[in-house]
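Dear colleague,

I am handing over the structure that we spoke about, and you will find it just below. My notes on what was found in it follow after that, beginning with a single residue and working outwards.

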Amino acid sequence: MAFLIKSMIGNPLSGIGLGGGGDKEEEAAPTDPAKAAGMTREEYEEYQKQVVEEKMERDADFLHKKAERATLRVCLREKYRLPKSEQDENMIEIAGDDVDVPEELLKMVDEDATEEEGKDSIMGQFQNLQNMDMDQLKEKASATVTELKSKAEEKCSVM
């Protein structure tokens, strides 16, 4: 009964002309996605397999990169004695045992470590003293002393 009424009355907006021909265009479009893409059925299936394989490969590469970054974060946390992150450990477990930190990142970490070791050593502190300008230090010290004396004289009536 509803079909009969709907077919007699129709869509009241379909006769206006604002997109009224949309139903016919949908019917004219091919229902087979292979035909829509302009390929045969076999070509389309092969294309779909390639797309899925490429997506899986990209996902695996992405997961591996995330695991490498997590490994680097774990190394840095151990180096600076920071608390461990369960998220990083889980990421490494998911990726497997074949995760290594990229060589470029290892070089950067090693360079930073050698620089810090150099600064922390006694020789590094002596080098810092040698780089300082002693005359400038003397001038700063004397200026500070004279400034303190002048402030003390202003506040103290005895001086």
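Lys84 is exposed, since its relative accessible area of 68% lies over the 50% that the term requires. Please keep in mind throughout that this is a predicted model.

Lys84 belongs to the loop between α4 and α5, and, once residues up to four places away in sequence are set aside, Lys84 touches Arg77 and Glu89. Its C-alpha also lies 7.1 Å from that of Val74, a residue 10 places away in sequence.

Arg81 is found in that loop between α4 and α5 as well, and there the backbone deserves a look, for the phi of Arg81 is near 55 degrees, which is a positive value in a residue other than glycine. Arg81 is likewise exposed, with a relative accessible area of 76%.

Turning to the two helices that this loop connects, α4 covers residues 41-79 and α5 covers residues 86-95, and their axes come within 8 Å of each other while crossing at roughly 135 degrees. Because of that angle, α4 counts as oblique to α5. As for the hand of the arrangement, α4 passes α5 in a left-handed crossing.

Which residues bring α4 and α5 together? From α4 the contact draws on Leu63, Lys66, Ala67, Ala70, Thr71, Arg73, Val74 and Arg77, and from α5 on Asp88, Met91, Ile92, Ile94 and Ala95. By character, the residues of this contact comprise eight nonpolar, one polar and four charged. Two of the α4 residues named here have already appeared above: Arg77 is touched by Lys84, and Val74 has its C-alpha 7.1 Å from that of Lys84.

For the chain as a whole, the secondary structure amounts to eight helices and zero strands, so that the order along the sequence, as one would expect from such a count, reads α-α-α-α-α-α-α-α. Of the 159 residues in the protein chain, 10% count as buried, while the chain exposes about 14200 Å², of which carbon and sulfur atoms supply 55%. Where contacts in the protein chain join residues at least 6 apart in sequence, 52% of them link residues at least 24 apart.

With best wishes

Conventions: Residues numbered from 1 in each chain as written. Predicted model: local features only at pLDDT ≥ 70, side-chain atom pairs only at ≥ 80, totals over all residues. Heavy atoms only, no water. Axes fitted to C-alpha atoms, helices over the stretch in contact; angles between N-to-C directions. Helix = DSSP H or I, 4+ residues; strand = E, 2+ residues; numbered from the N terminus. Parallel < 35°, antiparallel > 145°, perpendicular 65-115°, else oblique. Left-handed = near helix turned anticlockwise from the far one by under 90°. Contact = heavy atoms within 4.5 Å. Nonpolar A, V, L, I, M, F, W, Y, C, P; charged D, E, K, R; others polar. Buried < 20%, exposed > 50% of the residue type's maximum accessible area, 1.4 Å probe, protein only. Areas by Shrake-Rupley, 256 points an atom, 1.4 Å probe, with all protein chains shown as cover.
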